[in-house]
Amino acid sequence: MASSSSSGLTFKLHPLVIVNISDHYTRVKSQMNPTLAPPHANNAAAPNGGDGVVSSLPPRVYGCVIGVQKGRTVEIFNSFELLYDPSTHSLDRPFLEKKQELYKKVFPHFYILGWYSTGSDAEESDMHIHKALMDINESPVYVLLNPSINHSQKDLPVSIYESELHVIDGIPQLIFVLSSYTIETVEAERISVDHVAHLKPSDGGSAATQLAAHLTGIHSAIKMLHSRIKVLHHYLVAMQKGDVPCENSLLRQVSSLLRRLPAIESGKFQDDFLMEYNDTLLISYLAMLTNCSSGMNELVDKFNTAYDRHTRRGGRTAFM
C-alpha cells in the first residue's frame with residue numbers, strides 16, 4: 001500500500017459517520033459470546049454471522065458512506081449498514097440497492113461515495129468489496145475505523161483510503177493509498193456530540209463516579225495543554241538559540257496569546273475570583289452544617305424513642 005494519495009482530493013468527515021460505525025461495531029460485538037479471546041487486528045470474520053458460529057476474533061462490520069462531492073472536495077455526511085457474506089467475500093447487492101433507493105428518497109442530494117469497515121489496516125480481501133462498488137462510484141473511498149483501544153494515541157482511529165492503479169512487477173494493480181481528512185461539523189452535530197459526551201452511565205452512576213469522570217476529563221485537558229505549551233516553549237528556545245529559522249507569523253501568534261495573560265492578573269479578576277471562591281466555600285460549609293443538623297436530629301429522635309420506652313417500663317413497674 002502506498003504511503004499517501006496523489007489525487008489532490010480534500011476529504012471532510014462528519015462525526016455522525018464515526019458514531020454510526022462505532023455503534024454498528026458495538027452492537028455486533030455485544031451479540032457475540034462475551035467470553036472471547038483477546039482481539040486480533042487482522043480478522044475477516046463476518047459480523048452478521050450467517051453460519052451462526054461464534055468466532056474467537058473480533059467482528060468486522062461493513063456499510064456504505066454517503067455524501068456529496070463538489071469539485072475536488074468530498075464531504076461524507078452519513079452512512080448505512082450492509083450485509084456481508086463471508087463465504088463469497090461479497091456484499092448483499094439487492095439489500096444495497098434497496099437501502100440506496102430508500103436513502104435517495106430522504107436525501108436526494110446524497111450519493112454513495114464508498115464504504116466503511118473496521119480493522120487495524122486495509123487488507124487484500126477488502127479490494128474485492130472495493131471493486132464491487134465501482135459500478136456505483138468509479139472511485140469509491142474506503143473509511144476504516146480501528147476499534148482497538150490505544151490510550152497513547154491522540155488522533156482519531158479513523159483512516160480514509162483511495163484506490164490508485166500502480167504497476168507492480170510489470171503488472172498494473174489497484175492498491176489502497178492513504179488520504180488525509182478533516183472533521184467537519186454542523187451545529188446540530190456539535191450539540192448531539194456534546195450531549196452524548198455528557199450522558200450518565202446506564203446504571204445511573206453514583207455522584208462519586210460522575211465526579212471522577214469529570215475530574216479525569218479536566219486532568220486530560222490540562223495534561224494536553226501542558227504538553228502543547230511545553231512543545232511551544234522548546235520551539236521558541238530553539239528559535240532564540242538559532243537552531244531553527246525565525247518565523248515572524250508564529251511569533252505574532254505567540255505574542256497575541258501572551259497579551260491575554262495580563263487580563264487575568266487584573267484587580268477586577270482577583271476580586272471576582274475571590275468572590276466565586278468564597279461563595280463556593282460558603283456553599284460547602286452550609287452543606288456540612290445541613291448534614292450535621294440532619295444527623296443530630298436523627299440522634300435526638302432515637303434518644304427520645306429510647307427515653308419514652310424506658311419511662312413506660314418504669315411506670316408499669318411502680319404501678320405493680
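Let's start with a small detail: the side chains of E164 and H166 are joined by a polar contact of 3.0 Å. A polar contact here is a pair of N or O atoms within 3.5 Å; within protein, one must be able to donate a hydrogen and the other to accept it, and residues adjacent in sequence count only if both atoms are side-chain atoms.

Before going on, a word on the source. This is a predicted model, where local features need pLDDT of at least 70, side-chain atom pairs count only at pLDDT 80 or more, and totals for chains, interfaces and linings use all residues. Residues are numbered from 1 along each chain as its sequence is written, and side-chain values use heavy atoms, with hydrogens and water left out.

Back to E164, which sits in strand β8 (residues 158–168). Strands (E, at least two residues) and helices (H or I, at least four) are DSSP runs, numbered from the N terminus. E164 is buried but has no salt bridge, and R72, the nearest side chain of opposite charge, is 8.8 Å away. Buried means under 20% relative accessible area, exposed over 50%, and partly exposed in between (1.4 Å probe, protein chains only). A salt bridge would take a side-chain nitrogen of Lys or Arg within 4 Å of a carboxyl oxygen of Asp or Glu. For charge, Lys and Arg count as positive and Asp and Glu as negative, while His and the chain ends are not counted.

Now for the whole chain. It has seven helices and 10 strands, and buried residues make up 24% of its 320 residues.

How do the strands around β2 and β3 pair up? Two strands pair if DSSP finds at least two bridges between them. Here are three pairings:

| Strands | Direction | Bridges | One residue pair |
|---|---|---|---|
| β1 (residues 10–13) and β3 (residues 73–81) | parallel | four | T10 and T73 |
| β2 and β3 | antiparallel | eight | G67 and I76 |
| β2 and β6 | antiparallel | six | Y62 and S117 |

G63 in turn has E81 as its bridge partner in β3. β2 and β3 form a hairpin with two residues between them, and G71 in the turn has a positive phi of about 65 degrees. β2 is mostly covered, with seven of its nine residues buried.

Next, the inside. The largest nonpolar core has 20 residues, and F80, L91, L96 and Y142 have the most contacts inside it. Such a core is a set of buried Ala, Val, Leu, Ile, Met, Phe, Trp, Tyr and Cys residues joined through side-chain atoms within 4.5 Å. β2 (62–70), β6 (111–118), α3 (126–132) and β7 (141–145) each give two or more residues to this core, and the largest share, four residues, comes from β2. Apart from this core lies another, of 18 residues, among them F11, V74, Y116 and V143.

Take L96: leaving aside neighbours within four places in sequence, L96 is in contact (heavy atoms within 4.5 Å) with C64, F80, L82, I112, L133 and I136.

Finally, T118 lies in strand β6. Why does T118 count as buried? Because its relative accessibility is 1%. The side chain of T118 reaches the backbone nitrogen of V61 at 3.3 Å. Not counting residues up to four places away in sequence, T118 touches I21, Y25, P59, R60, V61, L144, L145 and P147.
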